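Please look through the sequence and the structure below. The paragraphs after them go through a sheet, a core and some ring pairs in turn.

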Amino acid sequence: MKIIGTGSSHPKKVVTNQMLSDMVDTSDEWITVRTGIKERRIISEENLEDLAIDAARKALDNAGISAIDLDFIICANVVNEFITPALSCIIQGAIGAHCPCIDLNGACVGFIYALDLAEAYYRSGKVKNVLIVCAEEPSRMLSWQDRSVCVLFGDGAGAAVLTAGDNVKATHLSAASSTTSLYQKHELQPSPFVTKPNSNLPLVMRGQDVFKFAANASLADIKFLLNETGYTADDVDKYLLHQANIRIIETVGEVLKQPKEKFPTNIQKYGNTSSASIPILLDELNRGGELKKGDLLALSAFGAGFVSGSCLLKW
Ligand code: UT7
């Protein structure tokens with residue numbers, strides 16, 4: 001396939017490091033040095049579906065195709081107000097599409113898993129035009145009293161439209177179950193048959209375990225793709241990594257011996273927006289005129305599961 005349109009949407013509320021240091025025992029210096037984040041957007045008056053729909057419409061507009069022409073909608077999402085119906089169904093109705101749709105919980109790797117799924121459906125001959133929307137509100141999953149987690153995340157939505165083409169050169173997905181390093185449990189309705197207590201705990205993250213996994217997985221995934229396709233690290237024009245921590249991005253760049261300029265970031269403005277982070281970054285680069293036709297892009301993401309994934313594509 002090839003990407004022919006991108007879009008993104010952000011909540012209005014900007015939460016700076018200074019605002020957080022008035023809420024919990026942290027500082028702008030700690031957050032900046034350890035993560036690279038300066039501020040993030042947090043949902044207040046919006047609904048996540050509004051952001052998802054806005055990003056989807058912008059991506060369709062950018063692609064120059066109508067919602068009627070879509071053959072499939074994939075929405076990557078971890079948490080939103082609806083357990084059912086799927087967020088993709090809500091988006092489908094709002095934009096006026098008639099195609100099938102599915103939600104995918106791939107945590108921070110949702111965009112890469114969605115790309116892989118779209119490519120597989122396309123290769124099977126089932127679809128031509130696919131809309132991917134990644135919409136996340138981690139701010140509703142975490143404890144705003146937990147300084148080790150609340151400073152890291154932000155809310156947002158990113159979208160991409162794909163159609164027939166041979167620009168996706170390779171994708172690679174992996175999973176290595178580790179359910180105690182990064183997780184959150186639902187609060188479920190009480191049942192007379194369930195004897196264990198209900199869980200309503202916020203997101204738990206063992207930061208250093210996740211950091212090590214993330215850096216290793218990203219490197220392994222990128223090297224896998226290079227090996228498979230015959231491209232070298234130098235051939236890649238831009239590396240779009242999941243915006244979780246600037247130090248992870250720098251580590252990957254150093255090991256691959258690639259200059260910083262090849263690793264665009266926007267973590268400073270948005271923090272970690274889970275699966276939305278790569279499509280938001282892609283949209284910024286696309287609309288900013290920073291991607292040239294034929295540029296080779298390496299996408300790499302990692303997150304709860306653990307799962308990770310990478311994609312090599314020509315712009
Ligand atoms: O999207 C999913 C993928 N997620 C990630 O990739 C996140 C990966 N992990 C990380 O990015 C980093 O591990 C963190 C940014 C979460 C933490 O950075 P770190 O360098 O690993 O710090 P640490 O957890 O080792 O904590 C160092 C110190 C501790 O204090 P002591 O024990 O040394 O006294 C923490 O209690 O920093 C303390 N600390 C804080 N201090 C000020 C933890 N959070 C904060 C905070 N402000 N917000």
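In this predicted model, strands E4 and E5 pair in the parallel sense, over 4 bridges. One of the residues involved is Cys75, whose bridge partner in E5 is Asp103. Together with helix H4, the two strands make a right-handed β-α-β unit.

Helix H4 spans residues 87-95 and contains Gln92. Is Gln92 buried or exposed? With a relative accessible area of 18%, Gln92 counts as buried, because the cut-off for buried is under 20%. Leaving aside residues up to four places away in sequence, Gln92 touches Ile73, Ala97, His98, Cys99 and Cys101. Of these contacts, Ile73 belongs to strand E4, which covers residues 72-76, and Cys101 belongs to strand E5, which covers residues 101-104.

The pairing of E4 and E5 is part of an open sheet of 5 strands. The order across this sheet is E1-E7-E6-E4-E5, and the pairing is mixed. Which strands stand at the edges? They are E1 (2-9) and E5 (101-104); each has a single partner strand, so one side of each is left without a neighbour in the sheet. On average, and with direction ignored, neighbouring strands of the sheet are turned by 15° against each other.

At the E1 edge, the pairing with E7 is antiparallel and runs over 7 bridges. Within this pairing, Lys2 stands opposite Thr163 in E7. Helix H3, residues 48-63, lies across E1, E6 and E7, and runs at about 140° to E1.

Next comes the nonpolar core. The largest one has 35 residues, and those that touch the most other members are Phe111, Val130, Ile132, Leu282 and Leu299. Which elements give two or more residues to this core? From the sheet they are E4, E6 (130-136) and E7 (156-163). The list also includes helices H5 and H10 (277-287), as well as strands E12 (296-303) and E13.

Phe111 can be followed through its contacts. Not counting residues up to four places away in sequence, Phe111 touches Ala76, Ile132, Cys134, Ala160, Ser275, Ile278, Pro279, Leu282 and Leu299. Among these, Ile132, Leu282 and Leu299 are themselves in the group that touches the most other core members.

The last topic is the aromatic rings. A pair of aromatic rings is described by the distance of the centres and the angle of the planes. The structure holds 3 aromatic pairs. One of them is formed by Phe72 and Tyr121, which are stacked with 4.7 Å centre to centre and 20° between the planes. This pair links distant parts of the chain, as Phe72 is in strand E4 and Tyr121 is in helix H5 (residues 110-123), 49 residues apart. Phe72 is buried, with a relative accessible area of 5%, whereas Tyr121 is partly exposed, with a relative accessible area of 29%.

Another stacked pair consists of Phe213 and Phe306, with 4.1 Å centre to centre and 5° between the planes. Why does this pair tie together parts that are 93 residues apart in sequence? Phe213 lies in helix H7 (residues 207-229) and Phe306 lies in strand E13 (residues 305-314), so the pair joins these two elements. Both rings belong to buried residues: the relative accessible area is 17% for Phe213 and 8% for Phe306.

Notes. Residues numbered from 1 in each chain as written. Predicted model: local features only at pLDDT ≥ 70, side-chain atom pairs only at ≥ 80, totals over all residues. Heavy atoms only, no water. Phe/Tyr/Trp six-rings, centres within 6.5 Å; stacked < 30°, edge-to-face > 60°. Buried < 20%, exposed > 50% of the residue type's maximum accessible area, 1.4 Å probe, protein only. Core = buried A, V, L, I, M, F, W, Y, C linked by side-chain atoms within 4.5 Å. Contact = heavy atoms within 4.5 Å. Pairing = 2+ DSSP bridges. Axes fitted to C-alpha atoms, helices over the stretch in contact; angles between N-to-C directions. Right-handed = clockwise from strand over helix to strand, strands pointing away.
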